[in-house]
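This report goes through a few local features of one chain and then turns to the confidence of the coordinates. The sequence and structure come first.

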Amino acid sequence: MNQKQDNNNPKMPKFNMTWIYGLVIIALLSFYFMSDKQVGGSVGKTASYNNFKIFVGQGYASKVVVNKSEGTLQMFVKPEHIREVFKASAKEVGPDPYLTVEFGSVDKLEEFLVAQKEAGKFSGDFSYDNKKGNDFMNLLINVAPLVLFVMFMIFLMNRMGSGGGAGGVFSVGKSKAKMYEKGGDLGITFKDVAGQAGAKQEIQEIVEFLKNPQKYTDLGGKIPKGALLVGPPGTGKTLLAKAVAGEAGVPFFSMSGSDFVEMFVGVGASRVRDLFRQAKEKSPCIIFIDEIDAVGRARSKNPSMGGNDERENTLNALLTEMDGFGTNSGVIILAATNRVDMLDSALLRAGRFDREIHVDLPDLAERKEIFQVHLRPLKTDNTLDIDFLARQTPGFSGADIANVCNEAALIAARRNGESVCKQDFLDAVDRIIGGLEKKTKVMTADEKRSIALHEAGHATISWFCEHAAPLVKVTIVPRGRALGAAWYLPEERQITTKEQLLDEMCSLLGGRAAEELFIGHISTGATNDLERATKSAYGMIAYAGMGDRLPNICYYNNQEYGFQKPYSETTARIMDEEVLKMINEQYDRAKQILTEHAEGHNQLAELLIAREVIYTEDVERIFGKRPWISRSQEIIEENQRAMAEEMARKRAEELEQQEKEQKNLEAKNQAPQPNDDNKEGGKA
């Protein structure tokens, strides 16, 4: 029955304010055009001044009304002459039709009409009407700006309210959080999060508390109020939150810290209150705020500088809702940020964010697990060694490893490979670290030699410094903004000694030292090396307390110092002197090492010019084994040798394939082609 009623009574279109706007505009336009053509039910018509004089001379005019401001006149026609003037009957043109005529001079017009009166041709009235347009148009001109402004404001309010639901502009203070009734809709669980064992353990406790709270409450424990995920970008903070949503089985509210920020005063605080109101209704549940530093920055200690700060009002509302006078039982807040040092101390206290979970860059074992996750959808060959890939990517975050796997697949597809091999991954790592190869970049012979000597200087110094990172390869093929590069495999240290930092600094200065020793002049090619060496030296002196004149002192400039440095100008001068002394000592040391091994350095540079890329075994063949080597470094170098052998094998296969294709092409060109006579004879 209902279905029949629906079919017989189709749904009418929904009412929209645009209809009213359109109808009003159409009515105004219609009235405007009608007002020009018809007044009082009579038709108007334009005519020339000569025709006007003829009609008046023939006695057709009943009266003339002149409008000086517009330079026009209206000649009303006598009823008995309507057909001669308008070529229509009186019923068609109305009882009082007129002609609209433009004239030049009022004086001449008056002279003409006076002459016609004296001649007996015109006996009607002659008057002036100085109103500009009709009354309606005057009203429209005066009121139109106000009407347009009101319509624009209504339109703007509707547009602003459209993002907040059906409430119009009044819904702008509603929360924009996206709610997941079932976190499984995201399709992400803890199985998809590799590594981060400590962070996952703490997060899993929160999930277990939501699933089985009695296990903890029987012992007198209370559910934690919040957990703050802290770590560098790309380490998986948001992924962990999604995994919590997938595992918890409770409603999950997700939003960004920037969603609280709005151009209107009080909107941020209103959205915070609305978010927690919805969360209480769905309790127990989880609220996840990504990039909480957008609203949680430390409040200003100088009241004269803040004024009415909307961000501070939003933060105050968040603090009150998290642990204020009211209670939020069953509501857990997860937040993520990579700038925890900027957050307000009141936000970090116990009772608000009870746990601060550090999600750090993955170590070797964790990188191996992450590779295993991202290699699942890829079609790889048997030569791929995941342990080797994990060693080749120190300092990579989970997002970087995902990018490496995707880039390797793109490289394999570009070469029309059937699977992704080890070399594709190595090329992907080079692409991400150094940038895209620019093989088409033209360099002169002098520039190429200068770059080769520079990069060979880095390789030589790192080979003879005990604590320098092991060398992987050196190239003079331009990548990104760099004209050459040297790849190293640094040890993953928890602490770094002064000797290790000095050896790395000496290695950085090896390129500039080689230029000065073997070319005779220095260039801008060492700018990045000098920048890194200077930052390292200032860090050692000012923060690590490794200076000779300023030992065991840290001048870390945190927010408590305000706008002034935590040291005097005299101390700053001593810092500058210490840094200059340290860098000059390592520069002299680099020149001394290069002088002692000048012949080997020259061989390395010539090999670079000839081959453009050299590997660990090339350096070892020239200089011999490194004087200092650990078992871990031996394993690294074995992997590097295996990588070089694999590349040499692939190069040989490519050359062999090219030779076969060339021979096939030559054989095809030399083979005799059958002529037309032979074809015809064969057919006969």
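## A buried lysine

Helix 10 (residues 237-248) contains lysine 237. The model is a predicted one. In it, lysine 237 is buried but has no salt bridge. Glutamate 291 is the nearest side chain of opposite charge, and it is 6.0 Å away from lysine 237.

What does lysine 237 touch, not counting residues up to four places away in sequence? Its contacts are Leu229, Val230, Gly231, Pro232, Ala336, Thr337, Asn338 and Val359.

## A nonpolar surface patch

Leu146, Phe149, Val150, Phe152, Met153, Ile154 and Phe155 make a nonpolar surface patch of about 660 Å². One of these residues, isoleucine 154, lies in helix 7, which covers residues 135-162.

Is isoleucine 154 buried, partly exposed or exposed? Isoleucine 154 counts as partly exposed because its relative accessibility is 31%, and the partly exposed class runs between 20% and 50%.

## Confidence

The average pLDDT of the chain is 77, and 77% of the residues score at least 70. Among the elements of the chain, the highest mean pLDDT, 94, belongs to helix 23 (residues 569-596). The lowest, 40, belongs to helix 27 (residues 676-683).

Two segments have low scores throughout. Over residues 162-170 pLDDT stays under 50, and the model has seven contacts beyond four places in sequence for this segment. Over residues 676-684 pLDDT also stays under 50, with one contact beyond four places in sequence. Where pLDDT is low, predicted coordinates should not be read in detail.

Key. Residues numbered from 1 in each chain as written. Predicted model: local features only at pLDDT ≥ 70, side-chain atom pairs only at ≥ 80, totals over all residues. Heavy atoms only, no water. pLDDT = per-residue confidence, 0-100. Helix = DSSP H or I, 4+ residues; strand = E, 2+ residues; numbered from the N terminus. Contact = heavy atoms within 4.5 Å. Buried < 20%, exposed > 50% of the residue type's maximum accessible area, 1.4 Å probe, protein only. Lys, Arg positive; Asp, Glu negative; His and termini not counted. Salt bridge = Lys/Arg side-chain N within 4 Å of Asp/Glu carboxyl O. Patch = residues over 30% accessible without salt bridge, like charges linked within 9 Å, V, L, I, M, F, W, Y side chains within 5 Å. Areas by Shrake-Rupley, 256 points an atom, 1.4 Å probe, with all protein chains shown as cover.
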